[in-house]
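Trainee: I would like to go through the strand pairing and the charged side-chain contacts of this model. Can we take them one at a time?

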Amino acid sequence: MKNEKLSGILILFALIFSTAGIMAQERAVDSTNSVVRTMNDKDLQWGPCPDFMPNGCEIAVLHGDPAKRNVDILFKVAAGSDIPNHAHTSAERMVLLSGEMEVTYEGEQTRKLKEGSYAYGPAQKPHSARCGGSGPCVLFIAFEEPLDAYAVQK
């Protein structure tokens with residue numbers, strides 16, 4: 001587990017460096033002003049997910065700095081993608097913006113999310129997911145702690 005968490009932390013740093021342009025853009029915005037974006041905004045800068053995630057997985061930072069508390073992101077995977085068992089240091093609050101997704105948290109029954117569904121995931125709780133075949137899944141995710149994700153063996 002320590003090697004997996006270390007790997008996840010290294011992936012986090014890679015993600016942070018790959019989103020440096022986004023973070024610089026956010027710093028330039030007065031934090032007292034509101035932010036309005038959609039998942040289709042042309043100015044969103046999509047970056048790669050950690051290596052253990054499915055091919056084509058992408059993340060875009062909507063607001064905040066991934067290395068600091070309270071960061072909001074979009075997480076996108078292709079239809080039919082399996083998201084392997086993983087966990088986060090932070091709790092996460094999610095709203096599915098597109099697609100259909102089945103999410104399974106360790107020790108719990110699988111739940112099906114449809115567009116507009118809200119889900120809460122406790123910190124450190126392993127979970128996996130599958131994006132249905134009807135179209136890509138895009139999740140809005142709000143992290144309380146700095147952004148990370150690390151693989152967890154079942």
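Mentor: Yes; keep in mind that this is a predicted model. Begin with strand E6, residues 101-105, and strand E9, residues 127-131, which are joined by 5 bridges and run antiparallel.

Trainee: Which residue in E9 does Glu102 stand opposite?

Mentor: Strands of a sheet pair through backbone hydrogen bonds, either parallel or antiparallel. For E6 and E9 the direction is antiparallel. The residue in E9 opposite Glu102 is Arg130.

Trainee: In what order do the 5 strands of the open sheet stand?

Mentor: The pairing in this open sheet is antiparallel. Strand E7 (111-113) and strand E11 (150-151) stand at the edges, so each has a single partner strand and one side without a neighbour in the sheet. The order is E7-E6-E9-E4-E11.

Trainee: Arg130 also has a salt bridge; which residue is its partner, and how many residues apart are the two?

Mentor: The side chains of Arg130 and Asp82 meet at 2.9 Å, N to O. Arg130 is in strand E9 and Asp82 is in strand E4 (residues 82-87), so the pair links distant parts of the chain. The partner is Asp82, and the separation is 48 residues.

Trainee: Is Asp82 buried, partly exposed or exposed?

Mentor: Exposed requires over 50% relative accessible area and buried requires under 20%. Asp82 has 48%, so it falls in between. Its partner Arg130, with 37%, is in that class too. Asp82 is therefore partly exposed.

Trainee: How many salt bridges does a search of the whole structure find?

Mentor: Side chains of opposite charge can pair when their charged atoms come close. One of the salt bridges is between Glu145 and Arg69, at 2.4 Å, N to O. Glu145 is in the loop between strand E10 (137-143) and E11, and Arg69 is in the loop between strand E2 (58-63) and strand E3 (71-77), 76 residues apart. The search of the whole structure finds 7.

Trainee: What is the N to O distance between Lys112 and Glu100?

Mentor: Lys112 lies in strand E7, whereas Glu100 lies in the loop between strand E5 (92-98) and E6, 12 residues apart. Glu100 is partly exposed, at 29% relative accessible area. A salt bridge needs the nitrogen within 4 Å of a carboxyl oxygen. The Lys112 to Glu100 distance is 3.4 Å.

Trainee: Which residues do salt bridges with shared partners join into one network?

Mentor: Shared partners connect these salt bridges into one network. Its residues are Glu108, Arg111 and Lys125.

Methods: Residues are numbered from 1 along each chain as its sequence is written. This is a predicted model: local features need pLDDT of at least 70, side-chain atom pairs count only at pLDDT 80 or more; totals for chains, interfaces and linings use all residues. Side-chain values use heavy atoms; hydrogens and water are left out. Two strands pair if DSSP finds at least two bridges between them. Helices (H or I, at least four residues) and strands (E, at least two) are DSSP runs, numbered from the N terminus. Buried means under 20% relative accessible area, exposed over 50%, partly exposed in between (1.4 Å probe, protein chains only).
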